[in-house]
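Trainee: Before I use this model, I would like to go through the terms that describe it and see how each value is set against its cut-off.

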Amino acid sequence: MDFSTTIYDSTVHDNYYAITDSGSLISATQLNAFMHQLLSTVDLATLGSVYFHQLNQHLNIANVSLSDYDSRLVYGKLTGSQGVQVELALPMCQREADGLTKYVYYAFDKEPGPQVRARLAQFHQLFSQQLVHALEFRRLKQIATKDTLTGLGNRNGFNDSFSRLICRAHRHEQNFGLLVIDLDNFKKINDTRGHREGDSVLVNVASQIAQSLRGEDEAFRFGGDEFCCLLDCQTTAQLEAAACRLQRQIRSSAFLRRYEVTVSLGGAIFREDDDVNALFDRADSALYKAKESGKNTYQAA
């Protein structure tokens with residue numbers, strides 16, 4: 001069957017065309033150049049951007065969406081000049097572990113003709129191969145940067161995020177905040193209830209911390225009962241508000257109240273000459289003062 005006649009215009013997942021060999025629709029030189037650009041990265045977000053740019057070299061396409069993998073991965077304009085777009089859903093050749101098929105969504109401002117559809121199928125086949133590699137890279141990176149117990153970031157993830165934020169701070173003069181978090185009464189749980197129950201407490205605390213976050217805030221577990229957060233805070237007042245919000249969230253957990261678990265926090269705002277150690281040391285010193293002054297308290301550096 002000629003795939004160029006079997007594609008349907010719809011956002012519904014059942015409506016797509018099967019990709020088959022339609023012959024050489026563009027030159028070998030063009031295909032090689034196209035693939036060369038795709039092979040330049042395995043970062044998922046960057047790959048999507050490169051792919052959209054390359055498609056625009058050959059097709060008049062409005063946008064490309066990888067929303068089945070991440071809702072943020074949408075490239076191009078979202079509506080046409082008349083407010084209407086024709087969307088084509090092309091399946092990934094590789095099924096997910098759960099047996100489901102995911103799609104890449106392509107939008108055009110007007111009905112694409114058979115030749116455009118056929119060329120898109122060729123490009124999609126090439127892209128799908130590199131997308132598989134990018135997804136595997138993301139999976140391995142998540143393993144390397146995630147705490148296996150709580151699902152929060154680990155120390156590697158913290159270092160990656162800090163590097164990104166410090167570059168943003170220097171480029172756009174946007175400060176950020178750090179909270180270092182210590183659990184009150186946690187040692188008693190491990191000593192009297194065992195480490196399995198202690199792990200349940202840590203998972204619950206991680207969930208409460210995550211629920212208290214906003215926007216681009218990120219939470220991490222360094223090990224034991226040591227947590228921290230990188231926050232989109234410009235001032236000490238905003239950082240204190242975030243700390244109070246987190247403490248309220250912890251207190252709202254009936255599970256944690258049963259074990260009398262609260263949190264003490266130390267906070268610091270990034271300064272222009274800070275590196276990761278300087279910022280962390282200030283926040284950690286503030287935490288030490290908070291623990292000295294009593295449980296369930298917050299101190300700023």
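Mentor: Let us begin with the pocket, which is sought on a 1 Å grid over the protein atoms alone and is an open set of points with protein on both sides within 12 Å along at least five of seven lines, whereas a cavity is a set of points where a 1.4 Å probe fits but cannot get out; lining residues have an atom within 4 Å of a point. Grid points are joined across faces, edges and corners, and a volume is the space filled by probe spheres set on the points. By that reckoning the largest pocket holds about 1000 Å³ of space. It is lined by 26 residues, and those closest to its centre are Arg 72, Lys 141, Ser 161, Arg 164 and Glu 218. Bear in mind that this is a predicted model, in which local features need pLDDT of at least 70 and side-chain atom pairs count only at pLDDT 80 or more, while totals for chains, interfaces and linings use all residues. Residues are numbered from 1 along each chain as its sequence is written, and side-chain values use heavy atoms, with hydrogens and water left out.

Trainee: Which elements give two or more residues to the lining of the largest pocket, and how do its residues divide by class?

Mentor: The elements are helices H2 (44-58), H3 (114-145) and H4 together with strand E6 (218-223), where helices (H or I, at least four residues) and strands (E, at least two) are DSSP runs numbered from the N terminus. The lining divides into 10 nonpolar, 5 polar and 11 charged residues, with Ala, Val, Leu, Ile, Met, Phe, Trp, Tyr, Cys and Pro counted as nonpolar, Asp, Glu, Lys and Arg as charged, and the others, Gly among them, as polar.

Trainee: What lines the largest cavity?

Mentor: A search of the whole structure finds 1 cavity of 30 Å³ or more, and the largest cavity contains about 40 Å³ of space. Leu 165, Arg 168, Phe 176, Glu 216, Leu 230, Leu 231 and Asp 232 line it, with H4 (155-172) and E7 each supplying at least two residues.

Trainee: Why is strand E8 called largely enclosed?

Mentor: Buried means under 20% relative accessible area, exposed over 50%, and partly exposed in between (1.4 Å probe, protein chains only). In E8, 8 of the 8 residues are buried, so the strand is largely enclosed by the rest of the structure. Thr 262, Ser 264, Gly 266 and Ala 268 point one way, and Val 263, Leu 265, Gly 267 and Ile 269 the other way. In a regular strand the side chains alternate between the two faces of the sheet.

Trainee: What makes E5 and E8 a pair?

Mentor: Two strands pair if DSSP finds at least two bridges between them; 8 bridges join E5 to E8, which run antiparallel, and 3 bridges join E8 to E9, which run parallel. Leu 265 stands opposite Tyr 298 in E9.

Trainee: How do you know that the span of helix H7 agrees with its number of residues?

Mentor: The expected span is 1.5 Å times one less than the number of residues. For the 16 residues of H7 (236-251) that should be 22 Å, and the end C-alpha atoms are 23 Å apart, which agrees.

Trainee: Why is Arg 271 called partly exposed?

Mentor: Arg 271 has a relative accessible area of 45%, and is therefore partly exposed. Its place is in the loop between E8 and helix H9 (276-293).
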